[in-house]
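The account below accompanies the model and may be read with the structure open. It proceeds residue by residue and then turns to the interior.

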Amino acid sequence: MTPLETRSQDVETTRKIAGVVAGLTTAGDVILLDGDLGAGKTTFTQGFAKQLGVTEPVTSPTFTLVRRYPTSAGFDLYHADLYRLDQLNEVADLGLNELLDEGAAAVIEWGEKGAPALGPDHLSIQLRMAGEDAGERLLTFSSPGGSWAGRWNELEKRLP
């Protein structure tokens, strides 16, 4: 699948783009978010969670590593932050694969650190600051496994 790109002009647009992704997400899905500090990973997760019906505040789990949110979509959402992890076995110790096997979905910040432990079936989203405006972001979507193949065209149609 050819990578997809879209631009966000501000925080609200980033959250709306995340809502598009969340609207196509099913139980068992893994969304890996990558980008520099301040690129919008947590902002993206907030929009994602809102679309799934999460009503409590969504904050970065930098120190707790993983947070669980019940959704109105019929599955739990796990929000993980791998920034502080140094070794791949630490990712495995979080038990994310087991949680996904139980019917949850996960959004994982600093996902490149965990990709080898989580397998190729994920949606990867790279967030980069773009343009002269401090709020503008370039989001690049790729999916190395086959889990998003059937939704790829729909994702492309729905992205701004």
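L65 is found in the loop that connects α2 with β3 (66-69). In this predicted model, L65 adopts a positive phi of about 75 degrees, although it is not a glycine. Its relative accessibility is 19%, and because buried means under 20%, L65 counts as buried.

A second non-glycine residue can be considered alongside it. W110 has a positive phi of about 60 degrees and is located in the loop between β5 and α5. With a relative accessible area of 12%, W110 is likewise buried. W110 also appears among the residues in contact with K41, which leads to helix α2.

K41 lies in that helix. Is its charge paired in a salt bridge or left without one? K41 is buried yet forms no salt bridge. The nearest side chain of opposite charge belongs to E109, at 5.2 Å, whereas a salt bridge requires a distance within 4 Å. The polar contacts of the K41 side chain include backbone oxygens instead: that of G35 is reached at 2.8 Å, and that of D36 lies 2.9 Å from a polar atom of the side chain. Apart from neighbours within four places in sequence, K41 is in contact with L33, D34, G35, D36, E109, W110 and L127.

H122 offers another buried polar side chain to examine, with a relative accessibility of 7%. This residue occupies the loop between α5 (115-118) and β6. A polar atom of its side chain lies 2.9 Å from the backbone oxygen of G119. Beyond four places in sequence, the surroundings of H122 consist of V30, L32, A115, S142, S143, P144, S147 and W148.

The next topic is the nonpolar interior. In soluble globular proteins, nonpolar side chains tend to be buried together. Here the largest nonpolar core comprises 30 residues, and those with the most contacts inside it are V21, I31, F44, F48, I125, F141 and L155. Two or more residues of this core come from each of α1 (11-24), β2 (30-34), α2 (41-51), β5 (105-109), β6 (123-129), β7 (137-142) and α6 (152-158). Of these elements, α1 gives the most, with 6 residues.

I125 illustrates how these parts meet. Not counting residues up to four places away in sequence, I125 touches V21, I31, L32, L33, D34, F44, L139, T140 and F141. A second, separate core of 16 residues includes L99, L100, A104 and W110; the last of these is the loop residue with a positive phi described above.

Helix α1 merits closer inspection. Its buried residues are T14, I17, A18, G19, V20, V21, A22 and L24. What covers them includes β1 (4-8), β2, α2, β6, β7 and α6. How does the span of this helix compare with the expected value? At 1.5 Å a residue, the 14 residues of α1 should span 20 Å, and the end C-alpha atoms are 21 Å apart, which agrees. At the N-terminal end, D10 caps the helix, with a side-chain oxygen lying 3.3 Å from the backbone nitrogen of E12.

Methods. Residues numbered from 1 in each chain as written. Predicted model: local features only at pLDDT ≥ 70, side-chain atom pairs only at ≥ 80, totals over all residues. Heavy atoms only, no water. Core = buried A, V, L, I, M, F, W, Y, C linked by side-chain atoms within 4.5 Å. Buried < 20%, exposed > 50% of the residue type's maximum accessible area, 1.4 Å probe, protein only. Helix = DSSP H or I, 4+ residues; strand = E, 2+ residues; numbered from the N terminus. Contact = heavy atoms within 4.5 Å. Expected span 1.5 Å × (residues − 1). Polar contact = N/O pair within 3.5 Å; in protein donor to acceptor, adjacent residues only side chain to side chain. Lys, Arg positive; Asp, Glu negative; His and termini not counted.
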